[in-house]
Amino acid sequence: MSDTQAPVRPRPVKALKYALLGILLCAAVGLACFFLGRSAAQNSKENVQLDAVVLETQLSQINQLATVSYQYTNMAQFSSSNDFYGVVIPFTTKKFILTYDGEIKAGVDLSQAEVQVGGTQVTVTLPTAQILSHEIDEGSIEVFDEKNSIFNPFTVEDFSSFQADQKAEMEQKALERGLLEQAAESARKSALALLLSALPEGYTLTVKYL
């Protein structure tokens with residue numbers, strides 16, 4: 001006569017322990033993925049901000065390359081006299097004619113450029129072009145037909161005022177000939193040349209003005 005053994009039934013307590021352990025492991029894995037993803041997102045955001053700062057720094061280093069120069073030679077006349085109720089007083093007229101060379105520089109201050117990076121799109125916003133400097137070559141000045149008056153001698157204010165007027169007149173001529181437009185285009189090309197060589201493959205670049 002053979003003995004028949006009853007099947008062994010799993011113990012409820014032991015099965016419950018395995019179930020709880022499985023739940024805890026899943027929760028641990030989920031939390032790890034969450035924190036790793038959050039850390040990666042923060043690192044990605046920091047890298048984007050760093051890239052923008054680096055690009056802005058690179059732009060500021062080519063300021064001199066983004067300028068254009070307008071050189072000129074001009075002839076001008078100065079004349080002044082004292083008057084009495086609209087009538088010129090004799091022997092009070094002073095005048096001169098002179099020629100001189102000057103140079104006007106215009107450009108865009110690339111240190112003020114703003115760079116935004118969104119995914120693979122880089123947008124650069126440049127400030128407007130402006131006149132940066134205007135110098136008259138003192139060594140080029142030649143004076144003709146100078147006439148002085150002992151009753152109305154030349155003063156420092158005469159020359160200062162004359163020079164200021166001449167600069168304003170020449171700057172207006174330069175603007176009418178498109179100096180600022182040339183400066184803006186020069187800055188745009190310089191920014192494109194620099195950043196296109198610095199950006200990884202697959203990035204797109206847009207340059208615009210305020």
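Let's start with a pair of residues in a sheet: Leu 126 has Tyr 209, in strand 8, as its bridge partner. Keep in mind that you are looking at a predicted model.

**The three-stranded sheet**

Leu 126 belongs to strand 6, which covers residues 121–126 and is joined to strand 8 by six bridges, with the two strands running parallel. Further along, Val 124 faces Val 207 of strand 8. On the pairing with strand 5, the picture changes: five bridges link strand 5 to strand 6, and this time the strands run antiparallel. There, Glu 114 sits opposite Thr 125 of strand 6. As a general reminder, strands of a sheet pair through backbone hydrogen bonds, in either a parallel or an antiparallel way.

Here are the bridge partners mentioned so far:

| Residue | Stands opposite | Strand of the partner |
|---|---|---|
| Leu 126 | Tyr 209 | strand 8 |
| Val 124 | Val 207 | strand 8 |
| Glu 114 | Thr 125 | strand 6 |

Put together, the three strands make an open sheet in the order 5-6-8, with mixed pairing. Which strands stand at the edges? They are strand 5 (114–118) and strand 8 (204–209); each has a single partner strand, so one side of each has no neighbour in the sheet. On average, neighbouring strands here are turned by 15° against each other, if you ignore direction.

Strand 5 and strand 6 also form a hairpin, with two residues between them. Look for Gly 119 in that turn: its phi is positive, at about 65°.

What about the surroundings of strand 6? Five of its six residues are buried, so the rest of the structure largely encloses this strand. Helix 3 (residues 179–198) lies across strand 6 and strand 8, and runs at about 160° to strand 8.

**The largest pocket**

Now move over to the largest pocket, which holds about 260 Å³ of space. It is lined by 14 residues, and those nearest its centre are Leu 98, Ile 141, Phe 159, Phe 162 and Gln 163. Where does the lining come from? Strand 4 (94–107), strand 7 (130–147) and helix 2 (156–176) each chip in with at least two residues. Helix 2 gives the most, with six residues. By character, the lining splits into nine nonpolar, three polar and two charged residues.

**Two buried residues**

Two residues are worth a click, one in strand 4 and one in helix 2. Thr 99 is the one in strand 4. Is Thr 99 buried or exposed? Its relative accessible area is 17%, and buried means under 20%, so Thr 99 counts as buried. Leaving out neighbours within four places in sequence, Thr 99 is in contact with Asn 74, Met 75, Ser 140, Ile 141, Glu 142 and Phe 144.

Gln 166 is found in helix 2. With 8% relative accessibility, Gln 166 is buried too. If you skip residues up to four places away in sequence, Gln 166 touches Asn 74, Ala 76 and Tyr 100. How many residues separate Gln 166 and Asn 74 in sequence? They are 92 residues apart along the chain, and 9.0 Å apart in space, going from C-alpha to C-alpha. Asn 74 turns up in both contact lists, for Thr 99 and for Gln 166.

Key:
Residues are numbered from 1 along each chain as its sequence is written. This is a predicted model: local features need pLDDT of at least 70, side-chain atom pairs count only at pLDDT 80 or more; totals for chains, interfaces and linings use all residues. Side-chain values use heavy atoms; hydrogens and water are left out. On a 1 Å grid over the protein atoms alone, a cavity is a set of points where a 1.4 Å probe fits but cannot get out, and a pocket is an open set with protein on both sides within 12 Å along at least five of seven lines; lining residues have an atom within 4 Å of a point. Grid points are joined across faces, edges and corners, and a volume is the space filled by probe spheres set on the points. Helices (H or I, at least four residues) and strands (E, at least two) are DSSP runs, numbered from the N terminus. Ala, Val, Leu, Ile, Met, Phe, Trp, Tyr, Cys and Pro count as nonpolar, Asp, Glu, Lys and Arg as charged, and the others, Gly among them, as polar. Two strands pair if DSSP finds at least two bridges between them. Axes are lines fitted to C-alpha atoms, for helices over the stretch in contact, and angles run from 0 to 180 degrees between N-to-C directions. Contact means heavy atoms within 4.5 Å. Buried means under 20% relative accessible area, exposed over 50%, partly exposed in between (1.4 Å probe, protein chains only).
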